[in-house]
Structure formats: C-alpha cells, structure tokens
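Work through the exercises below with the sequence and the structure open side by side. Try each task before reading its solution.

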Amino acid sequence: MQSEYQTAGLMLCFTLSRLPVFKAEGDSMSAAIFGELAACAILFGLSVLLCKLPRRERGGRIAAAVCAVYYTAALSLLLCETVRSTQYSFPGFYSTAPMVISLAAAAAYCASMGPEGCSRAACAAVVMTLIAFVLMIAGVAGGFDGERIEFADADRFEQFGRELWKSLSRSCELPLLVTLMRRRSKSPVKASAMYFFARAALSGTAFLICMAVLGDHSRTGQPLFSLAAYAKTALIERFDALVILFRTLCMLISAAALLTGLRICLSEIREKAERAMPLGAAVSALSALILLGADLSPLPLWSTGAGIALAAGISAARKGRGSSGI
Amino acid sequence: MSRIWFFLITLTLLFAAFGSRDTIASLDRAMIHAVGIDRENEGYRVTLQVFRPDGTGSETQLDPAKANVYTVDAAAPSVEQAIVLCEDKLGEYVFIGHCQVMLLGEGVSPEEPERLFAYFLRSKESYLGVRLAAAEGKASELLSAELSEGTVAAQNILNVIKRSAENGATVECDLLSAVNCGSCPPILPLLKKTGAPKEEQSSDEKSSGPEKSSVSQLISVEGAVAFPKGKEPFRLGRGECAAISLVKGKAERLMLPAEDGEKPSAVSVEFSSCRTDARESGGVITVSKRLETVIRRDHTVDVLFRGEELEQRCQEELIALISSAERLSREKGCDLFGIGTTVRSRFPEVWRSCGGDTEELLRRCVLSFEAVCRVK
Amino acid sequence: MDKKKRDRDAGAAITGRLSEDLGRLSVLLGGTADLNASRGFLGGVGWAAATIEGMASTQLLSEAVLRPICAMASGKETSAGLFSLISERAVLTTDRKTVRDLNEAAELMFAGFAVIFVDGAAGAVAFGVQGYDKKAVTEPSSEHNVMGSQEGFCEALRTNISLVRRRMKTPQLRFESLKVGKSAGTDVALAYLFGRADKRLVSGLRKRIEEADVDTLLASGALRPYLEGGRDVRLFSEVSATERPDVVCARLLEGKAAVLIDGTPFALICPSMFFENFATVDDACSKPYFTALMRIVRLIAFFFAVVFPGMYVAVANYHPEVLTLKLLLNLTASERSTPYSLFVEMLIITLLLELMKEASVRMPKAVGSAISIAGGLVIGDAAVKSGIISSPLLIIVGLTATASFVIPSLAQQTSVLRLVYIIAGGAAGFFGIAVVSAMIMTNAASSGEFGLPYTSPLIPFRRKAAADILYEHKGGEG
C-alpha cells in the first residue's frame with residue numbers, strides 16, 4: 001500500500017505535465033481560473049462518492065478490456081499533447097517520431113520498475129517541479145501587476161461554463177485516481193483531498209500569475225511557456241527550457257502509471273502478460289504517431305461522461321481476480 | 001526488465017537529433033546584440049549588431065582594446081525577410097536569444113506589435129523583456145556608432161536607458177509591454193546620437209599612429225515617444241516622462257529643483273508608493289492617485305533647506321509635472337497613465353461600454369492626483 | 001544432512017588405526033605437498049600431529065600443545081587414556097575441538113588447526129594454533145577521515161570480528177558463522193544486533209548467503225549480487241561495502257546487518273540507503289551546522305559529478321538563452337576556435353578522465369608521478385593551448401572530476417551516469433535529460449529488497465529520520 005502523499009504525488013504529475021499546455025478557451029483567463037477551481041471541487045466530490053460505492057461482483061474480463069482500451073487511449077493522447085506542445089513552443093527543434101518513440105519506451109521502462117518506484121519518483125518529481133515553479137515566479141515578480149487581473153468580458157458566465165466543461169473533460173486521470181485510491185492508498189479521501197487541493201492551488205496560481213504578468217498576451221499561445229520565457233533571475237536567464245525538462249519528467253511518470261494499469265488489465269484478461277508493458281507502449285506510440293500525422297484537431301482528452309462512467313465501473317468492481325484496474 | 005531497453009532509449013534519443021533544423025550548434029551561430037528597424041520605401045531595413053569573438057586558439061579573451069561588435073543590414077518588405085537576408089550576408093544563422101535592445105527608427109511604429117515583431121514573438125529564443133527604444137533619425141546610424149572602445153555597444157545603450165528610466169528621464173518599454181499595452185499606447189525612450197569633442201592629443205600620440213577621430217560618440221536619452229494607435233506619434237519631455245514613471249512606479253528617484261534661499265539647487269526625491277483609488281458615480285469614474293515620495297535627510301538637506309518648505313516645494317513641483325503630463329494626455333486623447341487598465345480591472349462594464357475608445361474613456365474619467373513628499 | 005553427505009562422512013570416519021587414517025587423509029587431500037604429519041610414541045601409544053604447511057604455528061604447536069602433553073603423559077598409557085588426556089584433561093588451548101571424521105579434520109587443518117591423532121582412538125583432537133601470515137590492521141585505503149578511528153579491516157575474518165567486538169561490548173552483538181563456496185568453503189560471518197535487527201532481514205540474508213551459488217569467494221563484490229537477490233538491473237546497490245569497523249558498528253546500531261568475509265578487508269552492510277553515501281565518520285565528530293553544510297556540499301558534488309556535464313552540453317547546444325550574456329560570450333569565443341563540437345569535446349575529455357582514473361588505480365606506485373605529468377600537463381594544458389578543447393570545458397571537467405571523488409562509494413554510478421547524461425543532453429537537450437532522469441529516478445526509487453525503500457527516509461518521508469540526512473541525530477536511531 002502506498003501513502004496518500006504518494007498517491008497525490010502521482011496524480012499531481014498528471015496535472016503538472018499538462019499545465020504548460022493550458023490555454024483559455026475564450027478571451028477570459030479569469031473564467032478559466034474559476035472553471036478550473038470549480039472542476040476540482042466537483043471532481044473531488046465525485047471521487048469521494050466513487051470511493052464509497054459499495055462493491056459488487058462484476059464480470060472482470062470485459063471491464064478489464066474496457067480499462068485497457070481507456071488506458072491506451074489516455075496514454076496516446078498524453079503523448080500527442082506533449083509532443084504537439086513541445087513542437088509549438090520549440091518549432092523545428094525535435095523530430096516527432098523519435099520523440100514519441102523515446103517517450104513511450106522510457107515510460108515502459110519506468111513502468112517496469114513497479115508502481116512503488118513510480119509513486120516515489122513522482123513525489124521527487126513534484127517537489128523539484130514546484131521548486132522550479134517558485135524560482136520562476138521569483139523571476140517574474142517584478143512584472144506583476146494586479147490590475148491586469150480583470151473580469152471585463154461580457155459573456156464571462158458563458159465562458160466560465162465552457163472552461164468548466166473543458167476542465168472536466170480534460171480530467172482523464174479520474175479513473176486512474178479512483179483505481180489508485182481504492183486498491184493502493186491507505187486513506188483514499190485524504191489522498192483525493194490532497195490531490196485536488198494541490199491541483200486547484202497550482203493551476204489557480206499559475207493562471208493568475210500568467211494573467212497578472214502577461215496581461216492580454218496570456219490569451220495567445222501557451223501562456224505558461226510565455227511566462228517562463230519572460231522569467232529572469234541572476235543565474236538563469238530563461239525558464240522555458242526548464243519547463244520542457246520538468247513537464248517531460250512528470251509526463252513520463254504519469255505515463256508509467258497508465259502503463260502499469262494497462263499491464264494489470266491485460267494480466268487479468270490473459271493469465272500471462274509479460275509483454276503487456278512494451279506492447280502497450282508500442283500501441284500507444286503508434287496511435288500517437290497516427291494522430292499527430294493525421295493532424296487531427298485537438299480532442300477533448302476525455303469525455304466527462306465516459307470518464308465518470310468508467311470510474312464508477314472500476315470503483316464498483318470486485319477486488320481480486322476478475323476486477324479491473326490497478 | 002531487460003537492459004536492452006536502456007540502450008534502445010539511448011539510441012532513440014540519438015536519433016531525435018536528426019531531422020531537427022537546428023543541427024547547427026547554437027554556439028556556432030551569430031550572436032545578435034541589438035536590432036535596428038528602419039522604414040525603407042514600402043518595407044523595412046533591419047540592422048543587426050553582431051558580436052565578433054576575437055583571438056585564436058582556445059585562450060580567447062574578450063580583448064578590451066578591440067571592438068568586438070559589427071553591424072550588418074538588409075532591406076526587405078517585412079522584418080522577417082530582412083533578417084533572413086542578413087543571415088545570408090553573415091553566412092550564419094542568427095541567435096537572438098540575448099538581444100539586448102531593439103531600436104525603431106523614425107517612421108516605424110509599434111502600433112501593431114504582433115505584426116512588426118512577429119519574428120521575435122515566434123522564436124523560442126527571444127526574450128519578451130527585450131528593451132524597445134525609438135531612435136531619432138535612423139536606427140542603423142545609432143547602432144553603427146562607435147560608442148567606446150571595447151565594451152559591448154548594445155550593453156551600453158541598455159545601461160543608458162536603464163539609468164535614465166530610474167532617474168525619471170524617460171519611460172522604459174519592453175517587448176511584452178508593447179504587445180500588451182491595451183489602452184495605454186507604447187511609450188518608448190527616445191535615443192539620440194550626440195558628439196562631444198575629445199581632449200587635445202599630445203604630440204606623441206599625433207606622431208605615433210594614425211589620426212584618431214576628434215569627436216567621441218555618445219548616446220543620450222531625449223525623453224520618450226508615445227505611439228497612440230491610429231494617430232501621429234508625439235514626444236514626451238523629461239518632465240512628462242518623470243510624472244508618468246513615478247505614477248506607474250517605474251522610476252526610483254527624481255531630481256527636483258529647490259531653492260535654498262537665493263541660489264537654485266536640487267534635491268533627490270525617492271519614490272515610495274503610488275496608491276490608486278477609483279470610484280464610480282453616475283457613469284463617471286474618478287480615479288485618484290496618491291503619490292508618496294521621500295527625501296532622505298542628510299547633511300545637505302539639514303544645512304541648506306527648511307524641512308516643511310522643502311516638502312511643500314517638492315509637492316508643488318510634482319503636481320506641476322503630473323498636471324503637465326495629464327494635459328498632454330487629454331490634448332492628444334491618449335491614456336498615458338494607464339487608467340484604462342484600472343477601469344478595465346475594477347469597472348468592467350464601463351470598460352465594455354467604452355468599446356475600446358480611449359478618448360471616450362478619458363471623457364468618462366476624472367483624474368485627480370495627490371503628491372506627498374516627506375523628509376525622512 | 002543429505003544421503004550423499006552421510007555416506008561420504010561414513011567413509012571418512014576416523015578408524016583409530018593411525019597409519020590407515022594418515023594414509024586416507026593424504027588421499028583425501030590428493031597427496032598435497034603442504035600436508036605435514038609428524039608421528040611419535042607417548043607412553044607406548046602412537047600419535048601423530050597433522051598440519052598444513054604455513055597455516056599452523058609450529059612454535060605454538062610444540063610449546064603450547066606437544067610439550068605439555070609430553071610432560072603430562074605417564075610412562076605407560078592406553079589409547080583411551082592418552083586420548084582422554086589430550087581431549088579433556090589437559091588444558092592446552094581454548095580453541096579445541098574433537099573431530100570424528102577426516103573431512104572435518106581437513107577443514108580445521110585448512111583453518112590453521114593442528115589435528116592430533118591417537119592410535120586406537122576413533123577420533124582426533126584439533127587445537128587452534130593458527131600461525132599463517134596475515135596483514136596487520138592498518139589505515140583504511142579507501143575511506144579516509146580526519147577525526148575518527150584510523151583502523152580498517154584486514155583479510156583475516158577473526159581479526160575483523162574482534163575489531164567489531166572491541167567496539168561493541170554487548171551480548172546482543174551476534175556473529176553467525178557460515179560457509180560460502182562449493183569448492184572453497186570461504187568463512188563468512190553474519191553480524192547483527194539481536195533485538196534491534198529485523199528478524200526477517202537476518203533470516204533473509206542468511207538464506208541468500210547459504211544459497212549463494214559460487215565456487216569460491218575471493219572478494220566481497222562476488223557475494224553482493226546474491227545479497228541483492230540476483231537482480232542486477234538496479235543502478236544503485238542496497239548493499240554497501242566499507243573498510244571501517246566504526247562504520248559497521250554504526251550501521252549495526254541502526255538495526256542493519258553486516259557480512260564479514262574471510263580474505264577480504266571489505267564488509268558488506270545491508271540494507272543501505274541512498275543518503276548514507278553522503279555521510280562520513282567525521283560527521284559524528286563535528287558540530288551539527290558544520291555537518292549539515294558538508295552534507296549539502298556532498299549532495300551538490302554528486303549533482304555536479306553526474307548531471308552537470310550533460311546539462312552544460314544541453315544548455316550550450318540547445319538552450320543557450322538560459323545562460324547569462326557574459327558567460328555565453330565567453331563560451332562562444334572559446335568554442336569557436338575548437339575543431340570539434342562541444343558534445344564531442346565533452347565525450348573525449350570524459351573518456352580521457354576515466355582513462356586516467358583507471359591508470360592511476362592500476363599503475364605501480366613507482367610511475368605515479370609520470371601519470372600526473374602526462375595527465376596534467378600533456379592532456380590538460382597542451383590540449384587547451386593547441387585548441388583541441390576549450391578552457392571552460394576543462395574547468396567543467398576538472399570540477400566534475402573533483403566532485404566525483406567526494407563520494408567514492410558511488411564512483412561506479414557517477415562514471416556511467418555521467419556519460420549517459422552527456423549523450424542524452426548532447427543528443428536531445430533538456431528533453432533527453434528529462435527522459436534519462438525519469439528512468440534513473442524510478443530505477444532508484446523502486447529499490448527496496450529488504451523492506452526499506454532505497455530512497456528512505458526522504459521518500460517515503462519520515463520526519464525524524466529525514467533530519468539525519470543533514471546532520472547526525474544525537475541519541476536516536478537512524
């Protein structure tokens with residue numbers, strides 16, 4: 001069993017790896033902030049409810065197969081998102097295929113080290129990323145202007161709704177969180193509370209600072225990258241390269257967690273699943289390459305309904321053989 | 001877990017290097033210190049100030065006796081095309097990551113910064129905090145001036161702008177501010193090349209080497225230039241710059257004239273804080289700014305001045321400067337003090353009702369300034 | 001005991017017929033030239049003393065064993081009486097064993113015992129009269145310190161046991177004697193503090209030592225993979241080695257176990273945590289604030305030694321905007337004049353560094369100064385002056401090399417990981433650094449063979465124990 005801190009740390013890696021990609025849907029960053037906070041509150045309530053669902057016996061193999069497909073899809077889209085945002089911020093710098101393949105292979109390697117290794121490494125990665133984040137904020141402190149935080153948009157309530165929907169639908173980690181907490185965490189409610197509180201604090205702070213420092217420029221491109229490019233300290237002139245470093249680190253650990261879930265699902269479908277991890281990584285890499293090559297429009301990473309239904313199914317499944325997830 | 005994974009990943013990482021445009025190491029690219037943009041016919045002439053590493057072998061030092069920058073320029077319909085032409089002339093790719101300053105010549109306006117600075121905004125190397133400045137005349141002339149022997153020229157320009165801004169002589173502007181100005185127009189420091197005669201050379205110097213120039217080149221700051229959208233740019237004097245910088249909290253100190261009895265003198269006034277208060281009543285917004293400054297008590301202040309009189313005098317001076325700036329702001333229909341940001345933040349409905357019209361905004365705003373000066 | 005062993009022992013039983021027993025002993029040892037057997041009569045009963053040349057002290061044997069026996073024996077003795085005299089009544093040495101079969105007699109002879117056979121007695125008596133040459137207790141060669149003990153382990157197991165016992169005069173300190181090696185039967189001692197060490201840890205270690213599938217154990221490193229569970233995919237080892245008895249005692253007090261091996265001056269300690277590599281004996285003798293400073297310096301040194309070269313290559317090649325302007329100008333000026341790219345230069349100089357390190361370890365002491373001249377002047381100075389490598393790079397590599405010597409226990413990992421980081425940084429910039437870091441972190445964090453995670457006490461976080469990372473927690477357990 002892992003502690004609630006490790007569970008929260010693992011889930012925070014998801015958040016941190018996807019934070020640089022964030023962009024406000026409409027013109028209002030403030031709506032995005034409130035949307036994210038509201039989404040965290042709703043998801044926290046949902047996760048607690050799902051953890052308290054009474055367990056029933058269910059057919060395991062079908063549920064395990066659905067989970068396997070879900071984990072593979074989530075992993076593919078995580079790869080796509082990372083590669084696409086890296087190429088947006090550093091155009092023409094890295095080749096797509098080697099990036100995808102090396103990320104998938106590295107995630108498979110990290111997953112092969114076991115879930116304990118991943119969750120402990122996640123805690124270390126989160127701490128390092130937060131330290132870099134604090135340094136970055138210190139680097140932009142001089143440009144902070146509270147009056148750039150504004151709520152001037154006419155349709156801000158509508159934008160709030162859109163941002164809330166977007167935040168919810170991007171939360172593809174909910175089923176993973178539920179499975180982690182149910183099977184491996186000592187205190188599920190505490191882990192959930194820690195994770196959502198930290199996510200709300202991090203996201204809110206990041207977007208607020210983007211708005212206060214960048215102003216209107218935060219509505220274009222990837223605001224966190226722009227903020228990092230503006231941050232300057234005595235030792236480090238620019239922080240955008242460090243964003244690449246830490247977001248890739250967090251992304252790999254979250255991908256490893258997804259692959260671990262995939263391995264367990266495949267082992268419940270088939271007795272022997274030694275090749276589950278490399279197989280899952282290869283399939284995810286291939287589908288990511290296809291998505292990137294086909295240049296499909298950015299999909300909401302997961303439909304809220306499907307994610308919640310899956311999470312509910314996982315929560316209610318019986319523990320042991322025939323149950324799905326981690 | 002087989003160790004082959006580790007090697008596989010290492011090999012894959014090696015392959016990641018292929019297919020990248022930037023296979024040329026960044027250290028082998030031309031380091032750009034400053035960029036000058038001038039209007040030429042229907043396009044732009046871009047001047048790049050490039051760092052030249054000197055010496056041979058690995059025992060290379062930055063030789064203070066030699067100039068280590070040179071310029072290259074090219075003209076094209078857009079800034080981006082001109083930079084590519086410069087690369088062709090240099091025979092190297094350029095590295096703009098440490099560009100210190102961008103000078104805009106006469107006729108170049110940062111009204112549409114997304115268009116003018118597209119190359120720099122797109123590049124992952126460029127710094128959003130790069131300083132912008134306006135040149136009196138041609139930017140290329142300013143960048144070609146031999147300012148001193150051995151120091152990095154662009155660094156010199158930057159220091160001149162920084163010191164002037166701290167002393168309230170001008171208003172600083174960086175790329176992010178230009179992109180992000182909102183209702184407040186971009187206000188750029190105005191730089192001018194001046195010459196000052198050197199001292200007489202000794203006979204030894206005259207006979208020893210080639211004749212050197214008798215005029216040393218200097219760059220000075222002559223206030224600032226504001227670029228309101230859709231209007232002619234206009235100049236701001238030192239007084240207006242000081243007022244705007246103090247109210248925005250960008251200036252650290254200011255020298256104000258003060259009479260000690262009969263003879264004119266000056267005293268240094270340090271910025272302490274500027275509090276903004278805004279109230280709405282009947283569709284009219286009253287924005288009050290209270291500027292607090294401090295005069296450090298020292299020997300000169302104690303001996304030459306009387307405390308209360310000095311405070312009163314300085315307050316009057318500050319109010320006069322701010323009023324002058326406000327008059328200019330209303331005359332030009334330009335939000336020099338950045339009131340629009342306050343209104344947008346605190347009264348979004350009013351902001352929306354103005355529809356982005358700065359003159360309408362100024363009509364609906366009443367500005368009141370209070371300056372407090374304390375001897376401490 | 002399996003059937004084969006029973007049958008073997010039955011065939012090797014001492015018969016009491018002196019000539020036959022000696023002959024069978026010689027056959028058992030393959031007619032080895034270093035078998036000494038001297039015979040005589042005492043009170044009319046024949047006896048023989050068998051030793052291995054160079055293992056038993058002849059002086060001790062004659063003065064402490066044979067002379068007293070001869071003095072105590074009467075003019076007329078029986079076989080049983082003489083045997084009883086030697087085995088029970090005469091107090092000759094404290095280390096005395098009665099053996100009933102030749103295999104056991106041979107093992108004891110190889111351990112330096114002298115075995116006395118008595119004609120007519122179905123047994124022999126072995127006396128511990130070791131006199132083999134062994135190295136004296138000297139200063140440890142690899143772990144130096146300023147204020148701690150200057151004694152290090154030597155090759156003799158019994159001496160090493162005594163070094164530990166001298167420092168921990170408690171009945172809770174236990175030594176279990178085990179044998180490892182199908183051919184050689186090397187003596188191994190498992191040390192732990194009863195009541196403090198976890199029973200599962202001790203039993204697990206005992207089982208792994210007994211199941212170690214080696215022919216002979218010539219170095220402590222040969223046993224390490226078996227103690228680690230045979231899983232050599234881990235980058236960091238949970239079994240550490242030390243030459244210092246005071247370190248062993250400190251670890252035993254923390255509830256860990258130590259394995260002492262005959263013939264090697266390095267003791268193995270398990271489980272070992274990552275942060276223990278940054279602690280030294282001097283830390284216990286220093287003020288806490290100084291200890292904290294030194295531990296931070298060592299952590300920084302590890303970072304410099306492993307990550308810094310790769311980060312430098314990544315920053316200089318891919319993200320030079322991260323560096324300050326003046327530094328970048330200096331680097332540009334230096335790198336412009338060199339023929340190779342920074343990545344290639346870094347690889348060359350790192351490999352040269354490893355070459356020089358290996359040469360300095362293997363070379364004879366007589367030519368030590370030649371290596372210093374070759375390395376420092378020829379490679380360092382001349383390479384820079386000729387423009388093959390640049391000065392900033394040499395500074396970085398020098399700093400890296402110095403930093404890597406600060407943590408000798410992680411020397412292997414430092415050398416390999418440094419190269420990995422350089423390749424990753426040179427090939428893919430910060431992206432490559434991130435990928436490699438993620439893999440290394442999960443690899444290190446997943447270690448935990450003995451129930452305690454390798455990254456403990458930081459991850460999982462234990463507040464009291466976490467303070468030990470920075471300073472010695474006085475009066476408490478680790």
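**Exercise 1: The nonpolar cores**

In this predicted model, the largest nonpolar core holds 270 residues, and Ala107(A), Cys110(A), Leu252(A) and Ile253(A) are the members that touch the most others in that core. Apart from this core lies another one, of 37 residues, which includes Val180(C), Leu193(C), Val247(C) and Val248(C).

Task: List which residues Ile253(A) touches, leaving out residues up to four places away in sequence.

Solution: Begin within chain A, where the residues touched by Ile253(A) are Cys13(A), Cys110(A), Cys118(A), Ala121(A), Ala122(A) and Ala125(A). Then turn to chain C, where Ile253(A) touches Ala438(C).

**Exercise 2: The make-up of chain A**

Task: Describe how many helices and strands chain A has, and what share of its residues counts as buried.

Solution: First take the elements, which come to 12 helices and 0 strands, so that reading from the N terminus gives α-α-α-α-α-α-α-α-α-α-α-α. Next take burial, for which 60% of the 326 residues of chain A count as buried. Finally, among the contacts in chain A with a separation of 6 or more, 86% are between residues 24 or more positions apart.

**Exercise 3: A proline in a loop**

Task: Decide whether Pro339(C) is buried or exposed.

Solution: Locate Pro339(C) in the loop of chain C between helix H13 (325-336) and helix H14 (342-362). Count the other C-beta atoms within 10 Å of Pro339(C), which number 10; because a residue with 12 or fewer is classed as exposed, Pro339(C) is exposed. As a last step, note that the C-alpha atoms of Pro339(C) and Ser390(C) are separated by 9.9 Å, with the two residues 51 apart along the chain.

Conventions
Residues are numbered from 1 along each chain as its sequence is written. Chains are lettered from A and ligands numbered from 1 in the order in which they are written. This is a predicted model: local features need pLDDT of at least 70, side-chain atom pairs count only at pLDDT 80 or more; totals for chains, interfaces and linings use all residues. Helices (H or I, at least four residues) and strands (E, at least two) are DSSP runs, numbered from the N terminus. A residue is buried if 20 or more other C-beta atoms lie within 10 Å of its own, exposed if 12 or fewer, and partly exposed in between; C-beta atoms are placed from the backbone. A nonpolar core is a set of buried Ala, Val, Leu, Ile, Met, Phe, Trp, Tyr and Cys residues joined through C-beta atoms within 7 Å. Two residues are in contact if their C-beta atoms, placed from the backbone, lie within 7 Å.
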